[in-house]
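Student: I'd like to go through this structure and ask how each label is earned. Can we start with the terms and work outwards?

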Amino acid sequence: MREDIKERIELIRMGKVPEGYRKIKHGIISEAFKMVLLGELVDFQNGINAEKEKFSFGVKIISVTDVLKEEPIFYDAIKNEIDISEEELENYEVNYGDILFQRSSENIEDAGTANVYLDEKKRATFGGFVIRGKKKTDYNPIVINEILKMQYVRKQVMKMAAGAQHINISQDSLKKIWIAIPKIAQQGYIEKMFNSYSVRKNLLEKMIDEKRKKKKYLTQILLTGNKRFSKFNSVWKKTKLSVVFTEKKEFSTKGTVLEHVSLTKEGIIPKGDRYDREHLVKSTEKEYKITRLNDICYNPANLKFGVICRNKYGDAIFSPIYVTFEVNPMYDIEFISQFVTRWDFINAVRKYEEGTVYERMAVKPEDFLKFEVTLPELEEQRAIARVLSMADKEIELLEKKLELIKQEKKAMMQLLLTGIVRVSEEKMEVD
C-alpha cells in the first residue's frame, strides 16, 4: 500500500479529516462522492401477497431467504415459484439492477437487509415480506449493493426500523436513507475490483465443494467397510455404544475459570449474543455441565439438526441439557468422531426419538448408548481416521484461504466506497 494511502488511513483512525474529505455522522467520506437519498435512486413497492395454493409453479418469486444470501440474486437460484398472470407480473416484476430489501425480520440486525437482482435475461417477482427498489436512474447495481452493506448505512436503517415481535422497515423510511456514491465511471472500476475478488472466491468455493464431495465419498466407503485397506482382513464386530462411550456428568457453577460456550451445528463455539439466554436464568447457583477436550457432545433435542460433535475447543462449561461422552481407550477418538457425526448414523439413531412436538423430540443418552454399530479393530480405525482427518485438513486450509479473501474484499470495498482509496478514471488504476 502506498505511503499517502497509509497516511490518509492513519489520519482517519485518529479522528482527523484528510484534505479532500468531509466528516459525516458515521464516518469520513471523499468530497468527490455525491450524497443522495435512496428515494432518488429507486421507486419502492411492497411485494405480492397470494394464497398458498398459488405457490407451486410459474414465475420465480424472491423471498426473504433469497435477499439474505451472501451472493447477488439470479433467477435460476430462486427456489420458490408463484402462479400469477402477466398483468400481475408487470405490476410486481423484478428486473436487472433492482434492489430488494427485507421488510420484516425477527431481529434488528437483519432489518432492511438488501440484495440486488442481477439476471439480465429473466424477470422475477417478489413476495410480501420484501420491498423492491426499482431502478429509476443510472447506477452500478453491484456497487450500490455493496454501499448498502456499509456501517453508516446499516446504522440508519436499524435506527428507522421498529416493532416488538417483528422488526419492520417501511418504504417511507427507506426513502430517507442517504448514501454516498462515487461517480458512475468510478463505479465501473470498483465493480471490476469486486469481480476480481468474486472470481477468486468462486474458484475456492468450487474447490471446497469438490473436496467435500470427495470426503463424503471416503466417509461412505470407509466407515461402512465397503472399501478396506489391503492389510486388514478381520471381521468388523457389532458393538453397543455403551461399550464405546462413558457418559460424563461433571458440573460447575458459572464464574469458574472455565469459559461458557455453546453447542451448535458448527461445533463448540464461544457463547455470543446470539446464543445468550442468561437473562432467563433466575438462580445464581445454576449448575452448568463441564465438557473436556475430545468429548463427544450432542444436544438430545437438536440431534436431528446435526448438533453432535467432538470437542476440539477445550475445557469449558455449557448447558446441562447437553450430553457429554468420553471415548473409551480401546477406540480411536478421531474414528469415532467421524463415525457418529455422519448423517447416516444420526438418522439411524433417531429411531429412539421421543416427544409429542417435533421441535422437542429428543434422543435420551440411555437410548443413544443402546444403539448397536459395527466397528473394526483399533488399528484399522486409526488407519481410516488418518485418511479422513487428512481430507478434513485440506478442506480447513481452503476454508481459511476463503475467509481471508472475504476479509480482504471487505476491507478493500470499505476503502473504495469511502474514497479513502480513489480510482483514477484516466489510468483505470488505484490512485
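Tutor: Sure. Buried means under 20% relative accessible area, exposed means over 50%, and partly exposed is what falls in between. Keep in mind that this is a predicted model.

Student: Why is cysteine 297 called buried?

Tutor: The relative accessible area of cysteine 297 is 0%. The cut-off is under 20%, so cysteine 297 counts as buried.

Student: And what makes cysteine 309 buried?

Tutor: Cysteine 309 has 9% relative accessibility. That value is also set against the limit of under 20%, so cysteine 309 counts as buried.

Student: How do you know that the sulfur of cysteine 297 has no bond to the closest cysteine sulfur?

Tutor: The closest cysteine sulfur to that of cysteine 297 is in cysteine 309, at 5.3 Å. A disulfide needs the two sulfur atoms within 2.5 Å, so this pair is too far for a bond. A search of the whole structure finds zero disulfides.

Student: Let's go to helices. Why are the buried residues of H1 said to be on the same side?

Tutor: Helix H1 covers residues 3-13, and its buried residues are Ile5, Arg8 and Ile9. They take up an arc of only 95° around the axis, so they sit on the same side of H1. In general, an α-helix has 3.6 residues a turn, so residues three or four places apart point the same way. Glu3 and Glu7 are exposed on the other side of H1. After H1 comes glycine 15, which has a positive phi, near 85°.

Student: What makes glutamine 156 buried?

Tutor: Glutamine 156 has a relative accessible area of 9%. Buried is under 20%, so glutamine 156 is buried. Its place is in helix H6, residues 151-160. The buried residues of H6 are Tyr152, Val153, Arg154, Gln156 and Val157. Among the elements covering them are strand E1 (21-24), strand E2 (27-30), helix H5 (141-147) and strand E14 (178-181).

Student: Which backbone oxygens does the side chain of glutamine 156 reach?

Tutor: One is the backbone oxygen of tyrosine 152, at 3.2 Å. Another is the backbone oxygen of tryptophan 178, at 3.0 Å. The limit for a polar contact is within 3.5 Å. Leaving out residues up to four places away in sequence, glutamine 156 touches Lys176, Ile177 and Trp178.

Student: What about valine 67: buried or exposed?

Tutor: Valine 67 has a relative accessible area of 1%. The cut-off is under 20%, so valine 67 is buried. Valine 67 lies in helix H3, residues 64-67. Apart from neighbours within four places in sequence, its contacts include Ile62, Leu100, Phe101 and Val130. As for glutamate 53, 14 residues from valine 67 along the chain, the two C-alpha atoms are separated by 23 Å.

Student: Now rings. How many aromatic pairs are there?

Tutor: The count comes to 16 aromatic pairs. One of them is phenylalanine 305 with tyrosine 358, at 6.4 Å centre to centre and 80° between the planes.

Student: Why is that pair called edge-to-face?

Tutor: Rings pair if their centres lie within 6.5 Å, and planes over 60 degrees apart count as edge-to-face. Phenylalanine 305 and tyrosine 358 come out at 6.4 Å and 80°, which gives an edge-to-face pair.

Student: What does the pair tie together?

Tutor: Phenylalanine 305 lies in the loop between strand E21 (296-298) and strand E22 (308-310), and tyrosine 358 in the loop between helix H11 (343-349) and helix H12 (365-368), so the pair ties together parts that are 53 residues apart in sequence.

Student: Why is phenylalanine 305 only partly exposed?

Tutor: The relative accessible area of phenylalanine 305 is 37%. Exposed needs over 50% and buried under 20%, so phenylalanine 305 is partly exposed. Tyrosine 358, at 42%, counts as partly exposed too.

Student: What sits over the ring of tyrosine 358?

Tutor: The charged end of lysine 304, at 5.3 Å from the ring centre. Likewise, arginine 342 lies over the face of phenylalanine 339, 4.5 Å from the ring centre. Phenylalanine 339 belongs to an aromatic cluster that also includes Phe245, Tyr298 and Phe335.

Key
Residues are numbered from 1 along each chain as its sequence is written. This is a predicted model: local features need pLDDT of at least 70, side-chain atom pairs count only at pLDDT 80 or more; totals for chains, interfaces and linings use all residues. Side-chain values use heavy atoms; hydrogens and water are left out. Helices (H or I, at least four residues) and strands (E, at least two) are DSSP runs, numbered from the N terminus. Buried means under 20% relative accessible area, exposed over 50%, partly exposed in between (1.4 Å probe, protein chains only). A polar contact is a pair of N or O atoms within 3.5 Å; within protein, one must be able to donate a hydrogen and the other to accept it, and residues adjacent in sequence count only if both atoms are side-chain atoms. Contact means heavy atoms within 4.5 Å. The arc is that of the directions from the helix axis to the C-beta atoms. Rings of Phe, Tyr and Trp (its six-membered ring) pair if their centres lie within 6.5 Å; planes under 30 degrees apart count as stacked, over 60 as edge-to-face and the rest as tilted. A charge sits over a ring if NZ of Lys or CZ of Arg is within 6 Å of the ring centre and within 35 degrees of the ring normal.
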